[in-house]
Amino acid sequence: MRMNTSDEDLAAAAANGDGAAFANLLDRHYDRLFAFCFRLTGVRTEAEDLTQDICAALPAKLGSYQRRAKVTTWLYRVAVNAAHDRRRKRATYTKATTGWGDWEIARKAEQSESTEALDWLTAAMNQLSDDLRDTLALVLDDMTHSQAAEILGVSEGTISWRISEAKKALRAIKEKEAAE
Amino acid sequence: MTDDLDDLKSMMNMATPRADETRRAENLALARKNFDDLQGSREQPRPTPVTGRNALWTGVTTMLNALTSKAALGTTTALVACGFLFLTPQGQSLLTPPTATDPVLTKLTGASEANDTRASENAELQIAEDVAILDAISPPVPTVESDHSPAPEAFAVEGTAAEEPAAMAAEPALPMPAAPVTALRSVNRSEASQTAPSPADTSRENANLYATAPIETVEEAEIAQPQAQALSTLSVGDRIAPDQSPAATQPNTETYANATLNPLKITSEEPVSTFSIDVDTAAYSLLRSSLSRGQLPPANAVRIEELINYFPYDYPTPDAGDAPFRTTVSSFETPWNANTQLVHIALQGQMPAIEDRPPLNLVFLIDTSGSMGSPDKLPLLKQSFRLMLDQLRPEDEVAIVEYAGSAGQVLAPTAASDRTTILQAIQSLGAGGSTNGQGGLEQAYTVADAMAADDEVSRVILATDGDFNVGINNPDTLKDFIADKRDTGTYLSVLGFGRGNLDDATMQALAQNGNGTAAYIDTLSEAQKVLVDQLSGALFPIAGDVKVQVEFNPAQVAEYRLIGYETRALNREDFNNDIVDAGELGAGHSVTAIYEITPVGSLAQLSDPLRYAPNTVAATSDEIGFVKLRYKAPGEYISQLIETPIIGQSIPGTEAIFAAAIAGFGQLLRDDSHLGDWSYDEAIALANANRGDDNFGYRTEAVQLMRLVQSLSK
């Protein structure tokens, strides 16, 4: 029976304290959420940690769920916000360890060269600004521009503009690589 | 433009790793744990904009805001003045009693002779005099004047403080403990009166307050120390209490009577289907009640036959002298499947001339347990019974038995003409105590037996929220008791009220075994329908133990399925067994049953033919099937038989199609596995197009409910 229940019903039930509904809902969306976190961060371990953050905080966020919104929209908004929080924390951390950070980046770069595990796309994504990456992550997840706009809380035009900017940036990276 | 993105997307999809299973399980467990932790605290009062999460701080702010009143300003100024008097050497010297040898002070005492001789006031007056003397001696200094300008305010308030028995003047060593008390009092006072008293009035007003409200003073003094906490706690408690709705805190203990969905039957294996009729309507009212609260009903609360039978249908009425009801059988294409057919069996009961009806003996058995207190229970019940009272005749008799902790007769059998007495008795009912359903039932039947006379119809009408929480809890045991009583000729109807602990299963068990109907009353208009419009149907049975048996022709029908009636299924052999109980048909009632059949050779056939058994049956008849009905005339023990063949497809009428639409709607609510793509859109369109006359708007309301369900289930 539960499999036929819509996400929205489950979320509403969960908001009313139905633990089974909550577990069911999260189980349904976990993989998608993880994939989205990966897109947002570009690093597997980061994605794992971000997903964990979201999972831990999600019960408290249920109160903010409004029935008229789609569950995915709401969940992605929670995810984007969690990613922002994480980046902000990271920025403070980086600032506090600037000197060491250079060394760390150098070490990472060396590592990536040696393993060549980091593929082009993730590297390219990491060179984009946070806003562009968020937007791209959403749009690559089959979200329409209007949905992405709703999740990020900006206008649809902004999303379209960001996408074209992101494309431009990616093309530039590609050309640069080709030139090398 | 999108090509770039498509490439990117496929690359991204390739790059995205799968979620780690262990991490996944861990994270899910973590989320679940946090969820549960959170639930624990959910019961606590939630902060409102008024109380706020930081009610302590709000309380302090309120206090500080209140302190800025003129009275408080005066008080604080007075405190500073007191401090000056008691703690500084100058102040102490001012306080010392004047000696006769001091010329200045002698002069002062003389001046203040008419006034109160209290020390503090003397002190203030001394200051004033000093200033006056200073003024007289030296040229006027503007700053001195302005420094002393608030003084009169301060003195006025300070004067009241000094009137207290424990005034600072009497105990100069302990001025500080008294100070906060005074401050707090002025806060309370200014809150209470809201009008800031002018400084001149303050002293008198304060004196009055102390004189008239000594208890208040004690309380104030007690909470003086932990004032902020005490205030905030109080306000939180007071404001949260009414916000907590009973529905949010009380667990939902509703139980529903339903059985698993009727399975698809293969005609060659099981050609006969038997069931008892059902004229209850409780499931529909429950559905409406759930939807009006914005919830979809649990699937088990949906009994499709009760949804269908809720509506009055305009079926052909029986001719005079025939059986008490008329059977109409038709078959037509299924709205949700072009390859199957619906067999629609309609029973229309005759409407006896109302003027000729026998006198009624009604015993209202009313649940007055504590749970009946909410407005949609006992108060609605009282209003409903008033409506019903208008339908009774002078020769009818009414008695009222209430049951809570113990059963008691509230109204001895009274002629319906004595409206005042009956209304007073109804009005006197109040909720309280726990429920003892059985004690009440026994007493109600005893009263009914006493009222019974020849050619009269006796009926117990049980009105409850279904909560039989003392005595027989087991529906089966209670059922046996009712079934025994049924044979004495007294029938039982059950009216359900309210939600939250509605015990639908018990209600059904009681009504089905008491030869009565179960109705759920959620609104006054439903009371109008059940107790006024359809009163005669609910109270006067025209046929008892009505059973339906349908035999399908395996040469024509490959598979069949009965829609609804899950709780009314009978064994094949029960049909001819007159001892087996079945549903009653009331005057003017109509009953509809719908089968979905798959004709032989249809594309919609779900089962494959057997390999080792003869899979074709010689066509011996064109008939689809054969309907047999058994019923007993009221008061008789031998059943009579009515037989009707189901002949091929016919053109369905509005009534049959509306019933089909409701059947489809019920299946959408319960289990839509047989409906394919058919959705609420189609159900709504079909029902809307076949509303017929719909004099009282029941079908229009149904269409509205269907639309509501559609929106809720999106």
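**Exercise 1. Find which strands of chain B helix α24(B) lies across, and its angle to β14(B).**

Solution. Begin with the helix. α24(B) spans residues 654-670 and has 17 residues. Helices here are DSSP runs of H or I with at least four residues, strands are runs of E with at least two, and both are numbered from the N terminus. From first C-alpha to last, α24(B) reaches 24 Å, close to the 24 Å expected at 1.5 Å a residue. That expected span is 1.5 Å times one less than the number of residues.

Next, the packing. α24(B) lies across β3, β4, β12 and β14 of chain B. Contact means that C-beta atoms, placed from the backbone, lie within 7 Å. The helix runs at about 75 degrees to β14(B). Axes are lines fitted to C-alpha atoms, for helices over the stretch in contact, and angles run from 0 to 180 degrees between N-to-C directions.

Last, the burial. 15 of the 17 residues of α24(B) are buried. A residue is buried if 20 or more other C-beta atoms, placed from the backbone, lie within 10 Å of its own C-beta.

The model is predicted: local features need pLDDT of at least 70, side-chain atom pairs count only at pLDDT 80 or more, and totals for chains, interfaces and linings use all residues. Residues are numbered from 1 along each chain as its sequence is written, while chains are lettered from A and ligands numbered from 1 in the order in which they are written.

**Exercise 2. Place β14(B) in its sheet.**

Solution. Take the strand order: β1-β12-β14-β4-β3 of chain B, an open sheet with antiparallel pairing. Strands pair if DSSP finds at least two bridges between them.

Check one neighbour. β4 (residues 337-349) joins β14(B) through eight bridges. B:Gln341 has B:Ile597 as its bridge partner.

Check the other. β12 (residues 557-563) pairs with β14(B) over six bridges. Here B:Leu562 partners B:Tyr595, and B:Val557 partners B:Pro599.

Now the edges. β1 (265-266) and β3 (325-334) each have a single partner strand, so one side of each lacks a neighbour in the sheet.

Finish with burial. Nine of the 10 residues of β14(B) are buried, so this strand is largely enclosed by the rest of the structure.

**Exercise 3. Describe the side of chain A that touches chain B.**

Solution. Count first. 29 residues of chain A are in contact with 26 of chain B. Then list the elements giving two or more residues: α2 (19-41), α3 (44-61) and α6 (120-127) of chain A. The largest share, 11 residues, comes from α2(A).

How values were computed. Contact = placed C-beta atoms within 7 Å. Buried ≥ 20, exposed ≤ 12 C-beta atoms within 10 Å, placed from the backbone.
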